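This report describes selected side-chain and helix-packing features of one protein chain. The sequence and structure are shown first.

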Amino acid sequence: MHLVVVSPFPPSITGIGQYGYHVTRALAQSGSFSRVTVLAGSHINGERPNHLGLTEIEYCWQPGQWKARQAILSRVKRLSPDLVWFNLGASIFGRSPWVNVSGLLSPMLTRQMGIPTVVTLHELVELTDLHALDAPGGPLAPLGARLLTTIATQADMTCLTMRHYADRLTARGLDCSHIAIGAYHQPELLEESETQELLFFTTLAPFKGLELLLEAFQRLCADYPKLQLTIAGAEHTRFPNYASELKSRSNGTNNLQWLGQVSEDNVMDLFRRAQIVVLPYTASTGSSSVLYQAATWGRPIVASNLSETQKLASENNLKVEFFKNGKVDSLCDSIRALLDSHEKRQTQTRHNFNSIQHTRPEKTCRKYIQAFNRALEKRRSPKRIATPIAEKKPA
């Protein structure tokens, strides 16, 4: 069984790219595929490995390229795989709405080739606060958001990372499966950091709430002189100068470090050093991989009370210290509540660590294989993918 994966991929670490990397690795290690090929997209021209274990990697497209769709389809035609999995977000193909529409047509055109096709869609833009996201299109933005969903889901099987997304599209008659982002690694309850360090780790954009966090940090430093803030992550493709301008404005702030792009090998150490992970987002674009990573490694979470984030926590039985969206006083109070109480931090992390066991990498892999087999069945392919034997729980 030859699987082709189309996804953003390292060396550029975005949320969707990091997800594609880890799920691909789990699928390749499952032993269920004779060949796995990644048609990878990255805007960074650093070291680009052509193999990930037994997985072949072809860097054939970049965000912002009009020819991305053509490059993907020509490679798919040449490889003639048994199945193609597209790992997609609404803006992975670039800043321009038209470039994104062009790229998001790839699953439909692959399906028209007669190849079983599965799409994972990480966000339903039509359900988000388009104004807060500064979405292009003006008054036509809601129509464009609905169009993006329709185009991106023209596949044999659609997978959604939030349950209420899957329920919504199922109600429209689409064949959908809910597969939570889950743990990227085998969960490990790291020893708590002795340093009072806050971690902000995501793509950098205005709707991520970083300016709010910087204001809260400056206020908190008066009461916690040893408090540190680490900001890590790549610039968002739609806001290429935002991070550098914000960094310039905050120049001179004590105990503040900007790490920029972080390699996959260093992500675990990023969480190891942190005492609290903060998600101060003012708008949501779907499920948060950072929330799962904090649970995976035993780090307490402070997050804004966006409805999407609350639904995500509820769907996965995760505890979060919520604050009022956009309110700096509330954010300060929530961070203080965790800084001042070791017991409160431990209660949250142990609860979340137990919950994350239900979405370990091997379980995510099994759910994808079930979705893949459903696509093969719908295309009336005689082939099926062997499902890995579930691990037995220790007695």
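The sections below treat aromatic pairs, helix contacts and several individual residues in turn.

The coordinates come from a predicted model.

**Aromatic pairs and a cation over a ring**

Across the whole structure, the search yields nine aromatic pairs. One of these joins Phe33 and Phe372, whose rings are arranged edge-to-face, 6.3 Å centre to centre and with 70 degrees between the planes. The pair counts as edge-to-face because the angle between the planes is over 60 degrees. Phe33 belongs to the loop between helix 1 (15-29) and strand 2 (35-41), whereas Phe372 belongs to helix 14 (residues 361-378), so this pair ties together parts that are 339 residues apart in sequence. Both Phe33 and Phe372 are buried, and for Phe372 the relative accessibility is 0%.

Phe372 also pairs with Tyr368; here the arrangement is tilted, with 5.9 Å centre to centre and 45 degrees between the planes. Tyr368 and Phe372 are four residues apart in helix 14, which means that about one helical turn separates them. Tyr368 is likewise buried, its relative accessible area being 0%. Together with Trp85, the residues Phe33, Tyr368 and Phe372 make up one aromatic cluster.

A ring also takes part in an arrangement with a charged group: the charged end of Lys208 sits over the ring of Tyr281, at 4.6 Å from its centre.

**Contacts of helix 13**

Helix 13 (residues 342-356) and helix 10 (residues 289-297) have axes that come within 7 Å and cross at roughly 105 degrees. Helix 10 is therefore roughly perpendicular to helix 13, as angles of 65 to 115 degrees fall in that class. On the side of helix 10, the residues in contact are Tyr292, Ala295 and Thr296, and they meet Asn352, Phe353 and Ile356 of helix 13. The residues of this contact comprise four nonpolar, two polar and no charged.

Helix 13 packs against helix 12 (residues 328-339) as well, at an angle of about 95 degrees and with the axes 6 Å apart. Helix 12 and helix 13 are therefore also roughly perpendicular to each other. Ala337, Leu338 and Leu339 of helix 12 make this contact with Lys344, Arg345 and Gln348 of helix 13. In the contact of helix 12 with helix 13, the residues divide into three nonpolar, one polar and two charged.

**Individual residues and their surroundings**

The table lists the accessibility of some residues discussed in this section.

| Residue | Location | Relative accessible area | Class |
|---|---|---|---|
| Trp66 | loop between strand 4 (55-61) and helix 2 (68-79) | 57% | exposed |
| Ser177 | strand 8 (residues 176-178) | 19% | buried |
| Asn317 | loop between helix 11 (307-315) and strand 14 (321-323) | 47% | partly exposed |
| Arg336 | helix 12 | 24% | partly exposed |
| Arg380 | segment after helix 14 | 76% | exposed |

Trp66 is classed as exposed because its relative accessibility of 57% is over 50%. Leaving out residues up to four places away in sequence, Trp66 touches Trp98, Val99 and Ser102. Between the C-alpha atoms of Trp66 and Leu198 the separation is 39 Å, and these two residues are 132 residues apart along the chain.

Ser177, in strand 8, counts as buried because its 19% relative accessibility is under 20%. With residues up to four places away in sequence not counted, Ser177 touches Met157, Thr158, Cys159, Leu160 and Ala166.

Arg336 lies in helix 12 and is partly exposed, with a relative accessible area of 24%. Apart from its neighbours within four places in sequence, Arg336 is in contact with Leu220, Asp223 and Tyr224. Arg336 and Asp223 are 113 residues apart in sequence, while their C-alpha atoms are 9.6 Å apart in space.

Positive phi values are found in two residues of the table. Phi of Asn317 is near 55 degrees, which is a positive value in a residue other than glycine. Phi of Arg380 is near 60 degrees, again a positive value in a residue other than glycine. Asn317 is in a loop, between helix 11 and strand 14, and is partly exposed at 47% relative accessibility. Arg380 follows helix 14 and is exposed, its relative accessible area being 76%.

Notes
Residues numbered from 1 in each chain as written. Predicted model: local features only at pLDDT ≥ 70, side-chain atom pairs only at ≥ 80, totals over all residues. Heavy atoms only, no water. Phe/Tyr/Trp six-rings, centres within 6.5 Å; stacked < 30°, edge-to-face > 60°. Buried < 20%, exposed > 50% of the residue type's maximum accessible area, 1.4 Å probe, protein only. Lys NZ or Arg CZ within 6 Å of the ring centre and 35° of its normal. Axes fitted to C-alpha atoms, helices over the stretch in contact; angles between N-to-C directions. Parallel < 35°, antiparallel > 145°, perpendicular 65-115°, else oblique. Contact = heavy atoms within 4.5 Å. Nonpolar A, V, L, I, M, F, W, Y, C, P; charged D, E, K, R; others polar.
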